[in-house]
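Reader: I have a structure here that I would like to walk through with you, one question at a time. Could you show it first?

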Amino acid sequence: SSQPDEQHGDYDLWQYRSDGKVAGISGGTGNVDMNVSYINTGSYIFTGSPITPNFTVFSPFDGTLLTKDVDYKITYGNNVNVGTATATVTGIGNYAGKLTAVHKFKITKRPLSSVSINTLSQRTYTGKAIEPSVKAVLGNYTLKKNRDFTVTYKNNVNVGTATATVKGTGNFSGSVKLTFNIKKKSVKYADIVGLKDMTYTGKKRTLTSLKVKTSAATLKKNTDYTVTYKNNTDFGTAKVTIKGIGDNCYGSITKTFSIVPKKPKTLKASNVTKTKVTLTWSHVDYATRYQLYRATSKNGKYTRIYSTSDRWQYTYTDKGLKEGTYYYYKVRAYKTVDGKKYYGAWSDVKVVNTKISDTEFTLKGNKSKGTISVNIKKDKSVTGYIVYMYKSKSKSYEKVWAGKDLQFVKSGLKKGKTYYFKVRTYITTDSGYVYSAWSAVKSVKVK
């Protein structure tokens, strides 16, 4: 016999064949109508979970009520989101191959008003649009922004009552309007940035870098706050007061900054030897005294090594240094006001490397070969040697060789001419190369 055709539509009873055979029925042709009967389920509102309506199914043979999962099973399709879902009834057990039907039912949008939405708490003015997050929950289903709903805000910058309109999309319909209050911001609790020392000029000093910030934005001067200064001309402690104004800010806060001597323009090193160096710096107007600091590495800790006894001292000789070592120096001026020291900015760092021992060498000329041999005395404490020769064309000493060997031969020289040489050594450190002082100049005639 043929299999029943799949049926579609909303109905309570349908005939799937007219030539069925049932035991006990033999009159006429022996054919009987075969039917399935169930309840029309109508439509359902979106829940966020699969919708699985049950059916009342009767036997097509004798009209008895059938049992789910014994006589038939139901499978569902597209039964979560809004649209047309399907429920397929299929016979099993004694009804396998004898019972099948496809029923369609609707899943409709859920009104957003039936969803649990969080209330929006009071906020504080930030100078920027405030957009508190909206959380919507339907049972165990948490709605997602821009998929299940959108939010638009209004009047959410300045102090007052702001609104957030939550509009359903996708599986949700309708909209809900939420409100929240924005209260005034006390500048006392704002972040005051840009406070820094200012150098003395004899004129009133103001902080051009001063800003008043919230976590979200920078407040506007003369709209949200005003700035006034006190004691901001002479050396010492100046005051700046920030006062909230307008409809959005209130309160006030006073901060301090210092007016200090200028930064020394120069710091020079001279008379560098193996164990000492002389440091000289430029004069700073109105300074009380100076402090000189030293470190032994570029990013190392600086230690004060000298404080001047008066404002007219601009030089210091640092002695007892280690041979072949890098040193880093910086200096600053300070002004004493009512017993308190106000320090100016540091000078640029001056890098100095102490010398290493002079190099000893001898020269020997060879007339027949036109060469001069430079023979260097070995020094175990150095990394290498550098040889310089005087060039008459450039009228200066130029490097002609560098290496670790103790002998260098200069060839291609003119017979009967006198040549001049000097040598220095070097060592390699973490900070760079350290060179010895120049050796004494020696000369030899190619003969």
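Reader: Is Lys-391 buried, partly exposed or exposed, and what is its relative accessibility?

Author: Happy to start there, and please keep in mind that this is a predicted model. Buried would need under 20% relative accessible area and exposed over 50%. Lys-391 falls between those limits, so it counts as partly exposed, at 24%.

Reader: Which residue does Lys-391 meet in a salt bridge, and at what N to O distance?

Author: The partner is Glu-398. Glu-398 counts as partly exposed too, at 30% relative accessibility. The side chains of Lys-391 and Glu-398 meet with N to O at 3.6 Å.

Reader: How many salt bridges does a search of the whole structure find?

Author: The pair of Glu-398 and Lys-391 is one of them. Another is formed by Asp-348 and Lys-263. The search over the whole structure gives a total of five.

Reader: How many residues apart are Asp-348 and Lys-263?

Author: Their closest N and O atoms are 2.9 Å apart. Along the chain, though, the pair links distant parts: Lys-263 is in the loop between β23 (252-260) and β24 (267-270), while Asp-348 is in the loop between β30 (340-343) and β31 (350-353). Lys-263 itself counts as partly exposed, at 37% relative accessibility. The separation of Asp-348 and Lys-263 in the chain is 85 residues.

Reader: In the salt bridge of Arg-294 and Asp-318, which strands hold the two residues?

Author: These side chains meet at 2.7 Å, N to O. The two residues are 24 residues apart and belong to distant parts of the chain. Arg-294 is in β26 (residues 289-295), and Asp-318 is in β28 (residues 315-318).

Reader: Is Asp-318 buried or exposed?

Author: Its partner Arg-294 is partly exposed, with a relative accessible area of 24%. For Asp-318 the value is 3%. Buried means under 20%, so Asp-318 counts as buried.

Reader: Let's turn to the strands. In what order do the four strands of the open sheet stand?

Author: The pairing in this sheet is mixed. β9 (123-124) and β12 (149-154) each have a single partner strand, so they stand at the edges, and one side of each is left without a neighbour in the sheet. The order is β9-β15-β13-β12.

Reader: How many bridges join β13 to β15?

Author: β13 covers residues 160-168 and β15 covers residues 175-183, and the two run antiparallel. In this pairing, Thr-163 stands opposite Thr-179 in β15. The number of bridges joining the two strands is eight.

Reader: What are the senses of pairing of β23 with β21 and with β18?

Author: Eight bridges join β21 (residues 236-244) to β23, where Ile-253 is the bridge partner of Ile-242. With β18 (residues 198-199) there are two bridges, and Thr-199 stands opposite Val-260. The pairing with β21 is antiparallel, and that with β18 is parallel.

Reader: As I look at backbone angles, what is the phi of Asn-155?

Author: Asn-155 lies in the loop between β12 and β13. It counts as exposed, at 53% relative accessibility. Although Asn-155 is not a glycine, its phi is positive, about 55°.

Reader: And what is the phi of Asp-69?

Author: Asp-69 is found in the loop between β3 (43-45) and β4 (72-77). At 57% relative accessibility, Asp-69 counts as exposed. It is a residue other than glycine with a positive phi, near 70°.

Reader: Now the surface. Which residues form the positive patch?

Author: One of its members, Lys-445, is placed in β39 (residues 442-445). Lys-445 is partly exposed, with a relative accessible area of 42%. The patch is formed by Lys-367, Lys-415, Lys-445 and Lys-447.

Reader: How much accessible area do Tyr-390, Tyr-420 and Val-441 have together?

Author: These three form a nonpolar patch on the surface. Tyr-390, found in β34 (residues 384-391), is partly exposed with a relative accessible area of 33%. Together the three residues have about 260 Å².

Reader: One last thing: how far apart in space are Lys-364 and Val-446?

Author: Lys-364 is placed in β32 (residues 361-366) and is exposed, with a relative accessible area of 60%. In sequence, Lys-364 and Val-446 are 82 residues apart. From C-alpha to C-alpha, the distance between them is 8.3 Å.

Notes. Residues are numbered from 1 along each chain as its sequence is written. This is a predicted model: local features need pLDDT of at least 70, side-chain atom pairs count only at pLDDT 80 or more; totals for chains, interfaces and linings use all residues. Side-chain values use heavy atoms; hydrogens and water are left out. Two strands pair if DSSP finds at least two bridges between them. Patches are made of residues with over 30% relative accessible area and no salt bridge: like charges are joined within 9 Å, nonpolar side chains (Val, Leu, Ile, Met, Phe, Trp, Tyr) within 5 Å. Accessible areas come from the Shrake-Rupley method with a 1.4 Å probe; for residues, only the protein chains shown count as cover. A salt bridge is a side-chain nitrogen of Lys or Arg within 4 Å of a carboxyl oxygen of Asp or Glu. Lys and Arg count as positive and Asp and Glu as negative; His and the chain ends are not counted. The place of a charge is taken as NZ of Lys, CZ of Arg, CG of Asp or CD of Glu. Buried means under 20% relative accessible area, exposed over 50%, partly exposed in between (1.4 Å probe, protein chains only).
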